[in-house]
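Here is a brief report on one protein model. Please look over the sequence and the structure before reading on.

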Amino acid sequence: MNTQDAVVVVRRPGRDLSARDGLSELLAAYHLRTQAEKGEAAGGVDELPDRYRAELVRPEAVFADDAVLLAFSGATAVGCLVVTAPVDGHCEIKRLWTDPAFRGRGVASDLVGAALTYAADLGVGLVRLSVWEWRTGAIALYERFGFTITESWDDRDRLVCMVHAVKGL
């Protein structure tokens, strides 16, 4: 990979997001793909459920207390991940997405690694996440980082819940 292909991960407080970050476009692709995979395809962002559209329109409000990790190739956002604010000694990873044109380059691994480092810096004891069971590549990625499947805290069918104990990375 030459230097112009290098991907850099930056962390931004959710309240500091702006339209220039590229997060809304990444989240739109994430949510549209997820809805299609669930058999609830949306014809465009206007057809997404309100809670998902809110993330696209006002990410700085929805993720105000969270940290948003963005992967950039040059000035282009090519991946994202949200780390929720700590609650009761844990935080949660949400919205991991890599632009399909940048898959296979370690972007998702860089984002997950940065998220775990950030969680350790926060002093949380546990990072948790949920992932759809058909996203086997994502599950394998999380397992490589030491996440294990645990009893579900979510009642949605086909959702896999995973946890990772944080020990100061």
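The report covers the nonpolar cores, the main pocket, the cysteines and a few single residues.

**Cores**

The model is a predicted one. Its largest nonpolar core has 30 residues. Leu81, Val127, Tyr142 and Phe147 have the most contacts inside this core. Several elements each supply at least two of its residues: strand 2 (67-73), strand 3 (76-83), strand 4 (90-98), helix 4 (107-122), strand 5 (126-132), helix 5 (136-144) and strand 7 (159-165). Helix 4 gives the most, with eight residues. In soluble globular proteins, nonpolar side chains tend to be buried together.

Which residues does Tyr142 contact, leaving aside its neighbours within four places in sequence? Its partners are Ile93, Leu96, Val112, Leu129, Val131, Phe147 and Met162. Phe147 is thus a contact of Tyr142, and both residues are among those with the most contacts inside the largest core.

There is also a second, separate core of 18 residues. Leu23, Leu26, Ala42 and Leu56 are among its members.

**Largest pocket**

The largest pocket holds about 800 Å³ of space. Its lining comprises 36 residues. Tyr30, Leu96, Arg135, Ala138 and Tyr142 lie nearest the centre. Tyr142 therefore appears twice in this account: it lies nearest the pocket centre with the four others, and it is one of the residues with the most contacts inside the largest core, where counted residues are buried and joined through side-chain atoms within 4.5 Å.

Which elements each supply at least two residues of the lining? They are helix 1 (23-37), helix 2 (50-57), strand 4, helix 4, strand 5 and helix 5. Strand 4 has the largest share, at seven residues. By class, the lining has 15 nonpolar, eight polar and 13 charged residues.

**Cysteines**

How many disulfides does the model have? The count is zero. A disulfide is a covalent bond between the sulfur atoms of two cysteines. The cut-off used for the sulfur pair is 2.5 Å. For Cys80, the nearest cysteine sulfur is that of Cys91, 16 Å away. For Cys161, the nearest is again that of Cys91, at 15 Å. Neither Cys80 nor Cys161 is in a disulfide. Cys80 counts as buried because its relative accessibility is 0%. Cys161 counts as buried too, because its relative accessibility is 1%.

**Single residues**

Two residues other than glycine have a positive phi: Arg95 and Arg158. The table sets them side by side.

| Residue | Phi | Location | Relative accessible area |
|---|---|---|---|
| Arg95 | about 60° | strand 4 | 14%, buried |
| Arg158 | near 70° | loop between strand 6 (148-150) and strand 7 | 45%, partly exposed |

Is Arg95 buried or exposed? Arg95 is buried, because its relative accessible area is 14% and the limit for buried is under 20%. Arg158 has 45%, so it falls between that limit and the 50% above which a residue counts as exposed.

Thr34 is found in helix 1. Thr34 counts as buried, because its relative accessibility is 6%. Where does Thr34 make contact, leaving aside its neighbours within four places in sequence? Its contacts there are Trp132 and Arg135. Arg135 is also one of the residues nearest the centre of the largest pocket.

How values were computed: Residues are numbered from 1 along each chain as its sequence is written. This is a predicted model: local features need pLDDT of at least 70, side-chain atom pairs count only at pLDDT 80 or more; totals for chains, interfaces and linings use all residues. Side-chain values use heavy atoms; hydrogens and water are left out. Buried means under 20% relative accessible area, exposed over 50%, partly exposed in between (1.4 Å probe, protein chains only). Helices (H or I, at least four residues) and strands (E, at least two) are DSSP runs, numbered from the N terminus. Contact means heavy atoms within 4.5 Å. On a 1 Å grid over the protein atoms alone, a cavity is a set of points where a 1.4 Å probe fits but cannot get out, and a pocket is an open set with protein on both sides within 12 Å along at least five of seven lines; lining residues have an atom within 4 Å of a point. Grid points are joined across faces, edges and corners, and a volume is the space filled by probe spheres set on the points. Ala, Val, Leu, Ile, Met, Phe, Trp, Tyr, Cys and Pro count as nonpolar, Asp, Glu, Lys and Arg as charged, and the others, Gly among them, as polar.
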